[in-house]
Amino acid sequence: MTEMNQSPTDKKQQQQLSESESDTSTTDETATPPPQSPVNYDIIINKHTDRGRSLYTTFKKLGEGSLANVYKTDRIILNHPNRRCALKIFPHQELAGPSFCSELILFKNVSHPNIIKMFDAHVDPKYFYLEMEACAGGDIFTNICKKGKMEEEIVKNIIFKIIDAVRCLHEKDFVHRDLKCENIVFVRKNDMTDIRLIDFGESLHVQSTHIYDEMVGTPCYFAPERFRRPSGDELKKSDVWSIGVIMFEMLTGFRCFYGGDDEQKLQSKIMNKAMKWPANLIISEDAKDFLDNLMKIDPLKRFSCQQALEHKWMNTIQLQQKTKTFYNPRIVYTL
Ligand SMILES: Nc1ncnc2c1ncn2[C@@H]1O[C@H](COP(=O)(O)OP(=O)(O)O)[C@@H](O)[C@H]1O
Ligand SMILES: [Mg+2]
């Protein structure tokens, strides 16, 4: 079994995987036209805005991903106190523009208490900037590396919030496609009660039966159907599988599926659901049954988010907690 502090498969590896997978695909071409984007890209990309960094005070790095770095900073607002925020800065390069646009489209269309809030966005000749709510507790991956596995009750509370947020995405026909421990952050330091989903760079508005063949995301969180060409409905179920992988990793402190540099090995482990529970791990039968339903190999048999929320493992989430989740009214952003 592989401890979490071994580096997760990165996007370069995903691209290599994408190439090697393209020959083995078995699904037929679809006749469905590509879905229309709900937002006009030309309005968002205004390269002459040129506001960029001058709007912010000093920067402290919060994290880094494959396309962007994220900094804690304060937004300077004339005649008002500064606004604390997280600023995601993407240097202009091939994949940054589409990734930035995907995040904007998502934030314009979906809002939930456990989805990070976007405050503002800018483009200047060098960078794309995404100004968001700042979270102080670090991501789940970093927390597991530092502190090891988590208690079942804590995991249950976190999983409930992730699933409720992803249910909200799916209801609006968006999929995340890159749910993983690095893309969920704790709102406060040393407090595991509140989380936010981040990183919507691979998110997509989908149609149920349309076939999607882009191999984006992080392979060790891929559901089996991600190795062929899944439909929009299947991509929603792939998000559910990834939540299962996250749950396993939080409960055990170990990678759920790991193939090192061997992508075929990783794929084979996932296709056969070859995951090993540590022998000394004590968790409830309800938790195991819940996870089993999130990670059915056949996406048709796998739970949807709504079904997951109705499982008995979720029944013991305090009612107070459940009533706290609500849909925020649509926020209109100035771009
Ligand atoms: N709003 C935020 N508050 C606190 N930390 C964040 C925030 N957004 C991102 N981070 C940190 O920065 C890292 C990279 O951000 P992310 O949006 O995932 O970038 P990428 O798309 O390049 O993966 C995350 O894994 C997380 O640790
Ligand atoms: Mg990320």
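What share of the contacts in the chain with a separation of 6 or more comes from residues 24 or more positions apart? The figures below, all drawn from a predicted model, begin with that point.

**Figure 1. Overview of the chain in the predicted model.** Residues 24 or more positions apart account for 72% of the contacts with a separation of 6 or more. The chain contains eleven helices and nine strands. Of its 335 residues, 41% are buried.

**Figure 2. An open sheet built from five strands.** The strands follow the order β1-β2-β3-β5-β4, and their pairing is antiparallel. Strands β1 (60-64) and β4 occupy the edges, where each has a single partner strand, so one side of each is left without a neighbour in the sheet. On average, and with direction ignored, neighbouring strands of this sheet are turned by 25° against each other. As a general principle, the strands of a sheet pair through backbone hydrogen bonds, in either a parallel or an antiparallel manner.

**Figure 3. The pairing of strands β4 and β5.** Strand β4 comprises residues 118-123 and strand β5 comprises residues 127-132. The two strands run antiparallel and are joined by five bridges. Two residue pairs may be traced in this view. Ala121 has Leu130 in β5 as its bridge partner, while His122 is partnered by Tyr129 of β5. The connection from β4 to β5 is a hairpin of three residues.

**Figure 4. The residues around ligand 1.** The shell consists of 22 residues, of which Gly63, Gly65, Val70, Ala86 and Asp199 come nearest to the ligand. Strands β1 and β3 (83-91) are the elements that give two or more residues to this shell. The largest share, three residues, is supplied by β1. Sorted by class, the shell holds eleven nonpolar, five polar and six charged residues.

**Figure 5. Ligand 1 and the two domains.** Where does ligand 1 lie with respect to domain 1 and domain 2? Domain 1 spans residues 39-132, and domain 2 spans residues 140-322. Both domains give residues to the shell around ligand 1, and therefore the ligand lies between them. This view may be read together with Figure 4, in which β1 and β3 are named among the contributors to the shell.

How values were computed. Residues numbered from 1 in each chain as written. Chains lettered and ligands numbered in written order. Predicted model: local features only at pLDDT ≥ 70, side-chain atom pairs only at ≥ 80, totals over all residues. Buried ≥ 20, exposed ≤ 12 C-beta atoms within 10 Å, placed from the backbone. Contact = placed C-beta atoms within 7 Å. Pairing = 2+ DSSP bridges. Axes fitted to C-alpha atoms, helices over the stretch in contact; angles between N-to-C directions. Near = placed C-beta within 6 Å. Nonpolar A, V, L, I, M, F, W, Y, C, P; charged D, E, K, R; others polar. Domains from an automatic or database assignment.
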